[in-house]
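Visitor: I've just opened this one and could use a tour. Can you show me how to read it, feature by feature?

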Amino acid sequence: MFSLLPIVTGILERGFIGSFVVMAVYLASRIMKFDDFSIEGTFGLGGAVVAYSVIHGQNPWFALLLGVIAGGLSGLITGLLHTKLGLNRLISGIVVTTMLFSLSINIGGSNVALGSVETIFSAFNSYSYGNLLLLAPFSFLVGIFYVWYMKTESGFVLRSTGINEQFVTSLGKSVPFYIILCLVFANSLSALAGGIFVQYSGFFSAFGNVGTLIAALAGCMIAELFSWNMFMTAILGSIIYQLIIAITIELQVEPSWQKLITGLLIVAILVVKKIEGAKKKVLKHA
Amino acid sequence: MLRLENIDVDFGEFKALKNVHCEINKKEFILVLGHNGAGKSTIFDVISGRRFPSKGKIYRDSVDITNLSETKRALFVSRVFQSTYVGSVSTLTVAENLALTTLKGKKAGFKSAIKNFPEYVVEELLKPLGLRLENLMNTPIGNLSGGQRQIITIIMSTLCHPDVLLLDEPTAALDPASTENLLQFVHNYTKDRDMATLMITHDEKEAEFLCNKKWYLDKGEIVTR
């Protein structure tokens with residue numbers, strides 16, 4: 001029992017941090033139908049900017065804000081590459097992520113430990129479950145913000161852009177603007193997660209972001225198995241994903257297999273959905 | 001109201017429109033007729049700003065709007081496509097779609113979108129139709145039949161009082177009964193309005209009662225007016 005508690009706490013903590021990336025994937029891939037690979041790069045960039053800033057004495061919250069802005073700007077560039085220069089959506093994301101790798105390594109270094117600098121978690125260190133006290137409300141607040149935003153006029157147009165671009169044009173609204181806005185949101189969220197993760201782990205690695213997108217996609221697909229509001233289930237999906245990874249670690253599976261396991265998890269969810277879909281079809285025709 | 005002067009549209013060697021010159025005035029109902037490839041949809045593309053002409057000018061009253069984008073022209077030109085899927089957002093409810101439409105020409109801000117739902121549409125436009133569409137307000141519009149969806153789309157397209165309504169084969173995806181309903185609806189709905197309506201159709205006889213003018217297009221030219 002005593003050894004289980006820190007494991008559960010760790011799962012929840014990483015789940016809450018990952019939930020921001022799951023929300024980012026949901027925004028880009030599901031709402032805008034824009035599979036944005038730059039989400040992977042902005043997780044690293046957010047981490048690099050935060051690592052550099054806190055090591056150079058910036059306030060950790062201000063550092064996080066800088067990371068989020070950097071992420072948002074990267075989303076803007078992905079959006080501009082697609083909407084203004086006509087680059088394919090997937091390639092736009094890959095180009096930006098590749099460029100961000102150089103940027104991240106030059107800003108944050110290849111491997112950097114934060115040492116004993118002040119982080120956003122410092123103020124919560126004296127509480128038991130201090131990290132969760134910060135992460136859980138933060139994650140829910142961001143989720144609630146997007147639940148609210150999607151019901152606003154601007155949110156309605158953004159959602160409509162992903163479903164029917166011609167309709168949005170007919171409304172006299174700019175489709176490129178809403179695509180870019182969505183990518184700015186998504187990449188800000190990913191950078192936010194990257195920035196928090198660096199402060200949580202006390203370490204920045206230029207390769208730390210590899211596999212973030214696929215992990216978030218797995219979280220997103222788990223979340224979609226529940227039929228509640230996606231910005232809320234994103235948190236649950238992310239936690240369940242972390243739980244699955246934790247189980248594989250407990251089963252003594254080498255961490256080097258994690259990416260393969262994540263990929264297989266995605267395949268498994270797709271197979272389950274396909275079987276469910278076929279069952280429903282049979283019932284409908286019966 | 002809208003004037004097209006010497007419009008050419010070239011697709012490489014092929015001329016989709018050749019020296020088209022025409023005027024569209026208030027309250028007119030124009031049937032646009034012709035074979036496939038005659039240039040009917042291209043003329044709609046040029047009017048709506050979806051495609052810019054290779055040559056010629058378009059004027060709204062006396063203002064040159066030839067280079068005005070489709071997004072900006074949407075404020076005075078509304079277009080209903082032949083596919084019932086294009087005119088609305090399938091996953092949103094009928095009420096949400098109607099609420100969205102009221103944002104045309106206004107800034108999309110941070111107010112709750114559904115609060116813009118135009119109540120008068122139910123009382124003044126939907127109930128008189130007798131089709132019980134008013135009971136479907138909270139149904140996702142994608143669950144409606146093609147005919148119901150097309151009627152809602154036409155209503156949505158005209159809420160902003162456009163100068164010109166373009167109906168691009170609005171009955172193409174509908175069965176005969178729904179087609180008759182829709183044409184009757186279009187007739188009743190457009191006759192007392194100030195806007196001009198242009199409708200592409202392949203069935204001249206069926207839609208003849210609607211119009212007061214016809215354009216026959218042949219190989220990119222308007223041959224009779």
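Guide: Let's start with one residue. Ala63(A) counts as buried because it has 27 C-beta neighbours inside 10 Å. The rule is that a residue is buried if 20 or more other C-beta atoms lie within 10 Å of its own, exposed if 12 or fewer, and partly exposed in between, with C-beta atoms placed from the backbone. Before we go on, this is a predicted model: local features need pLDDT of at least 70, side-chain atom pairs count only at pLDDT 80 or more, and totals for chains, interfaces and linings use all residues. Residues are numbered from 1 along each chain as its sequence is written, while chains are lettered from A and ligands numbered from 1 in the order in which they are written.

Visitor: Where is Ala63(A) found, and which residues does Ala63(A) touch?

Guide: Look in helix H3 (residues 60-83) of chain A. Helices (H or I, at least four residues) and strands (E, at least two) are DSSP runs, numbered from the N terminus. Two residues are in contact if their C-beta atoms, placed from the backbone, lie within 7 Å. Not counting residues up to four places away in sequence, Ala63(A) touches Val50(A), Ser53(A), Val54(A), Gln58(A) and Gly195(A). For a feel of distance along the chain, take Lys84(A): it is 21 residues from Ala63(A), and their C-alpha atoms are separated by 31 Å.

Visitor: How many helices and strands are there in chain A?

Guide: Chain A has 11 helices and 2 strands. Along the sequence the pattern is α-α-α-α-β-α-α-α-α-β-α-α-α. Its C-alpha atoms fill a box of roughly 60 × 45 × 35 Å, taken along the principal axes. Buried residues are 48% of the 286 in chain A.

Visitor: What does the radius of gyration tell me about chain A?

Guide: It is taken over C-alpha atoms, and the globule rule is 2.2 Å times the number of residues to the power 0.38. For 286 residues a compact globule would have a value near 19 Å, and chain A has 19 Å, which agrees. Chain B, with 225 residues, has 18 Å, in agreement with the value near 17 Å for a compact globule.

Visitor: And what about nonpolar residues?

Guide: In soluble globular proteins, nonpolar side chains tend to be buried together. A nonpolar core is a set of buried Ala, Val, Leu, Ile, Met, Phe, Trp, Tyr and Cys residues joined through C-beta atoms within 7 Å. Here the largest one has 136 residues, and Met23(A), Ala24(A), Val25(A) and Cys182(A) have the most contacts inside it. Helix H8 (residues 175-201) of chain A gives the largest share of this core, 17 residues. Leaving aside neighbours within four places in sequence, Cys182(A) is in contact with residues including Leu27(A), Ile31(A), Phe34(A) and Leu158(A).

Visitor: How many residues of chain A are in contact with chain B?

Guide: There are 17, and they meet 24 residues of chain B. Helices H6 (153-163) and H7 (165-170) of chain A each supply at least two residues of that side. The largest share, 6 residues, comes from H6(A). By type, the side of chain A that touches chain B has 5 nonpolar, 9 polar and 3 charged residues. In that count Ala, Val, Leu, Ile, Met, Phe, Trp, Tyr, Cys and Pro are nonpolar, Asp, Glu, Lys and Arg charged, and the others, Gly among them, polar.

Visitor: Now chain B. In what order do the strands of its open sheet of 4 strands run?

Guide: Chain B has 7 helices and 10 strands. The order in that open sheet is E2-E1-E4-E5, with antiparallel pairing. Two strands pair if DSSP finds at least two bridges between them. At the edges are E2 (14-24) and E5 (63-64) of chain B, each pairing on one side only. Strand E4 (residues 55-60) of chain B pairs with E5(B) over 2 bridges, and Arg60(B) stands opposite Val63(B).

Visitor: Which residues have a positive phi?

Guide: Most residues other than glycine have a negative phi. Arg132(B) has a positive phi of about 60°, and His161(B) has one near 50°. Arg132(B) lies in the loop between helices H4 (119-126) and H5 (146-158) of chain B. Arg132(B) is exposed, with 10 other C-beta atoms within 10 Å, whereas His161(B) is partly exposed, with 13.
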